[in-house]
Amino acid sequence: MNQKAIAQLAALLFTALLLSSSALAAPPDDQFQVAARHYSRGRFQLAVDEFQRFRTEYPDHPKANESYFYLAEAQIQIKEYAAARKHYQAFVDLLPQHQHRAHAEFRIAESSYLLRDFQTAELELTNFLSQHPDHSLGQFVLPYLGEIALLQGNPTAALQHFQKSLEQFPDGALEVKTQYGLGQAFEQTESLELALDTYRGLVTKGDNPFVDDASLRLGIIHFDQADYSRAIEYLTSFEDDLSESPLRGHAAYWQGKSHLAQKQWKAAEKSLLEAKGLNLSGDLQSAVRFELGRLSVRFENIEAARVEFEALLDPSMVHEWADDSLQSWIEMELDQENYEAVFNLAKRFDARFTASPLQLHVNQSAGRAHLKTEQFSAAVARFERALQNATLPEDKATSHYYLGLALFGLEQHQEAATQFDEIDRTKINTELQTALAFAIASVRFELQQYATAIDPLLEYLSESPLGSEAATCRAQLAIAYAHLGEYETLKESLKTFEEFCLEHPVYLPTIAYLAEQAYANENFELARTLFSELSRDNNPPEYVKKGLSGFAWSQMKSEKLQESDEAFAALMARHPESDLAANAAFALGQMRADQSLYSEASTAFEFILEHHAESDFAPHAVFQIALLEEQLGDKAAAITRLQELIQRYSEFEELDTALYRLGWLYEDLGNSPEAKLSFHRLAEEFPASRLWADASYRSARYAFAENDVRRAETLANRIVQQDGGNSLIAHALYLKGQIAANEQRWQDVIQYMSGVAHHSEENALTEPAQFWVGEAAYRSGDYTRAEESLAPLLTHTQNKDENWLAVVPLRLAQIHALREEWADAERLATGIATRFPNFRQQYEADYVLGRCLVNKAELVDARTTFESVVRSSVGGRTETAAMAQWMIGETYFLQKNYDAAIQSYHRVESLFDFPRWQAGALLQAGKCYELLNRTKEAVRVYEDLLEEFSETEFSDEASERLKIVRQNPN
C-alpha cells in the first residue's frame, strides 16, 4: 500500500473522531481535540506530540487507552513505523472489543511490512484474513501478501494473492496496483505472454498510475526476447504521452540498449544521452554511463570515454558497472598504447574489485602492457593471477602463452618452456599457433636445445616465410646448425639467410655471432670467412672493426703471424678510437700493475682516457689510476681522481667501492665532513653493495654525532636487518641503544643493549652495553634487573676510572636507598667522590647520602648535604635539587622548627618548576601553618595548591585539609 492510501484510510477515521469530539470542552478533551485537528491539517509531527502530551498529562482519562490508536495513526504518517506498531499493539491489548480493533490489527501487519519485516508481516496479514475473511480491508491485505511473496521470490504464491484480490475486489482501491503486481508475478513465473497481456491491459486503460510501469516492462520483455523493434515501439511512448513519467530515463536507457543491439550506434547514443540527462539513480545511471563510455570508444572519442569511465568509479556510487567500466577503460588504454594508464588503472582495479570475475581480463591486459614495456616481473605476476582466474580452455591457453613470454623476458627459459608445454594447441587459433611455434623455438634456442629448436623454427617459416619474425628465425636456424656442428647445412642456411636478410638488422649481428662461435670452436677457417664478411668497407664501422680484430686473432691462432700483425696494425691505425683498442690498453694496464710497474700501467690507462673517454673502459681506467696514485702515496691526487670518477661516471659499476675509498682517504687526511658525505652517499644509493653495512654504520655515527637521530636510527635498523656480520650488528645495536637512551625509550634500550652481547665479545662494547641495560632498567623502575646488570660491573671495572662508570655505584646506591637499605646505600655513595672527582652527577650521590643521614637522625649534617645538592652548578635546578630542597624542609619539620620548614618548602615552590614537588611543598607548608595555628595562611596555600596543581597526587589531601581548616578556624 502506498503512502497516499495510508493517508486516505486514516482520514475517514479522523473525520469521525473530530465529529465525535466537537462537543467536548474539558481540558483533557480540549487537548485531545487539538491533537486531532493537527492531524486533520496534515501537521502529523504536531499531532504526535499532542497525543503523547495527552497521554502523559491525562493517563487516567477514559480516552487514554483509545488515544494509542490515534497516536499510532499519526506516527504512521511520518513513517515512524516501529513506534506506530507498538502503539497499535497497546491499543489492541487494552481495548480488545473496540470498534477499531480490526483496523489496528491491519495496521500492525502493515507496519511490519513497511519495516520490511516480511516474515512477521506475512504471518500477521494471513491471520487478519483468517479472523476477518470478509473485511473490506482485504482489498489492501491481499495485494500486500502478493507483494511480500514477490519480494520473497515466490511468484506462484503472489499470483494466487493477486488473482484472489481481483476476484473479491474487482473495483478495490488497489485494483490497478494489483494488476501490475499480477503482471510481475506472470513475468517471474516466465509466463511472458500472460505478463504481456496484463501489461497491455494496463496500457490500454490509459489513465492510471501504472501505465508508465507497464509500458516500461513491455519494452524490457520485448528486449529480452530480442524483439528490438517492438521494444522501441513501447519505449518511444515515453517521448510523447508519457514524457512526464519519472520512468522516462529508464525507458530511454532500454531504448538505447535496443538500438545498440541493432548496431544503430548514433540512435543508441541519442537515447542514452537523454537517459543520462534525466539523472537516473543507482545502477541504471551507471549502466547508461557505461554504455556511453563504450560508444565513445567506438567513436574514438577517447577523452569522452575517460570522463564516463571515471565517473563510474566514484566511490560514493555503489553499482554493478564499476568493474566493467574500469576493465573497459583498461582495454581502451591498451589499444591506445597508453601503458602507464593501463598500469595505474589496473592497480585501482586490484584495490577495489578483488572478487570481480573480470580479474582475468584485467590481469591479461595489464600483463600485455607490462610485456610491451618489458616489465617482465610485473607481467609474470599478472599472468599467474590470470591463470588462477581462468576456467575456459582458451583463456588458460592464452594466459600460459603470455606467461611464457614474460618468463622468457626474465630469461627464465625453462619456466617459459613449461608454460608453453601446458598449452592445448587445439584450443588456439592459427595465428596464435604460429606465434607459439616461434616462442617455443626461442625458448629452446636460449636453453641451447638447438636440435629441438629447429622444427618449430621451420614450422614458423613454413606458415609465415615473410612474417615479422622470419629473419630472426633464419638467424636462429643458422646459429643452431653451427652449435650442432652441421656445417654443410649451415653453409646452405647462410646462403638463404643472405638472400632474404642481407639488408635486415639481424644479418650482421648474426654473422658476428657465428664468427665468434667459429673462433671459440677453433674453426678458424670459417671464422676468417665470417670475419672477412664483417670487415667489408661498406659495413658499419663497428662491424668492420670487429671483423678486422677477429680476422687478426683468427690469423694468429692459425699461426699466420705476419697477417695477424698487419690486421692488428690496420685496426690500431684506422680505428684508434675502437673499443677493441681500449680493451687491449686496459688489459695491458692491469698486467703492468700486477707487475708493480705502476707508472707504465698508468700510461696505459691514460691512453684509454685520451682516446676512449666516453667508453665503458674509461671509468675503470680512472679508478685504476686512482688506486695507483694511492699506492704511490699521493692521496690528494687519488682523491681528485676519485672525485672525477664519481662526478663523471655515475653509472660506474664499482662506484660504491670508489665512494668507500674516497671516504677513507678523506678520513686519513682529517677531512671528516667530506668523509661523511662519501659514506652517506654509499649508504643511500648502494643498498646491495658489499660495503654498504660498513659505510652505513659510519654514516650513522656521523648522523648521531650531529644529532640527526632519525637518520642514525634508520641506518642502524637497516644494518641489523641485514646479515652484515656479528661485530657490525653489535655496533649498530649499540647505536640504536644510545639513540633510545637519548629519547628515554628505556625498554628499547634494554632490548638493543641486551642484543649487543649476543653479537660481540668485545669488552669495548659489552661493558657499556651491560651498563645501559642496568641504567634503562633503573629508569624503568625495574630495580632488580638494574642491580643484576650493574652489580657485576663494580668488580669488572674496579681498575678503571672513566667518568661514566661512576653511574654504576650511584644507581646501586639509589636502589638500596629505595629499599631503605641505608648502610649499603651509604657505603656505595660515599666512595664516588673520591674515585671519580670530576663526576657531573655527584649531586645525585649527595642526595642519597643526605637521605642516609636523615635515616640516622643526623639532621643537621643531612641539611648540609642537601644544601650542597641545591648549590650544585650542575644539578642546582634539577628535580633532584627540588627533592633536596623539599628534604631540607622535612628536616626542619622533624625538628618541629615549623617556621624554618615553611621557608624551605616555599623555596621549592618558588625556585623549581616541578609540579609534584611544588604541590608537596605547599601541602607540607599548609600543615606547618596549621601546627602554628595560622589557619588563614594554611587556607591560602591549600587553595593555591588546588588552583595550580589540581592534577597532582597531593590535591585530594589538600582538599580534605582545606575543609577541616575552614570548619575549625582560629
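Here is a short conversation about some helices, cores and a histidine in this structure.

Author: This is a predicted model, where local features need pLDDT of at least 70, side-chain atom pairs count only at pLDDT 80 or more, and totals for chains, interfaces and linings use all residues. Residues are numbered from 1 along each chain as its sequence is written, and side-chain values use heavy atoms, with hydrogens and water left out.

Reader: Why are α6 and α7 called roughly antiparallel?

Author: The axes of α6 (residues 101–114) and α7 (residues 118–131) cross at roughly 155° and come within 7 Å. Angles over 145 degrees, on a scale from 0 to 180 between N-to-C directions, count as roughly antiparallel, so α6 and α7 earn that label.

Reader: What makes the contact of α6 with α7, by kind of residue?

Author: Contact means heavy atoms within 4.5 Å. Among the residues involved are Phe106 and Ile108 of α6 and Leu125 and Phe128 of α7. The contact residues divide into nine nonpolar, three polar and two charged.

Reader: Why does His259 count as buried?

Author: Buried means under 20% relative accessible area, with a 1.4 Å probe and protein chains only. His259 has 10% relative accessibility, so His259 counts as buried. This residue lies in helix α14 (residues 248–261). Leaving aside residues up to four places away in sequence, His259 touches Ile232, Gln264, Ala267, Ala268 and Ser271.

Reader: Which residues have the most contacts inside the largest nonpolar core?

Author: They are Leu216, Tyr253, Leu326 and Ile330, in a core of 47 residues. A nonpolar core is a set of buried Ala, Val, Leu, Ile, Met, Phe, Trp, Tyr and Cys residues joined through side-chain atoms within 4.5 Å.

Note on methods. Helices (H or I, at least four residues) and strands (E, at least two) are DSSP runs, numbered from the N terminus. Angles under 35 degrees count as roughly parallel, over 145 as roughly antiparallel, 65 to 115 as roughly perpendicular and the rest as oblique. Ala, Val, Leu, Ile, Met, Phe, Trp, Tyr, Cys and Pro count as nonpolar, Asp, Glu, Lys and Arg as charged, and the others, Gly among them, as polar. Buried means under 20% relative accessible area, exposed over 50%, partly exposed in between (1.4 Å probe, protein chains only).
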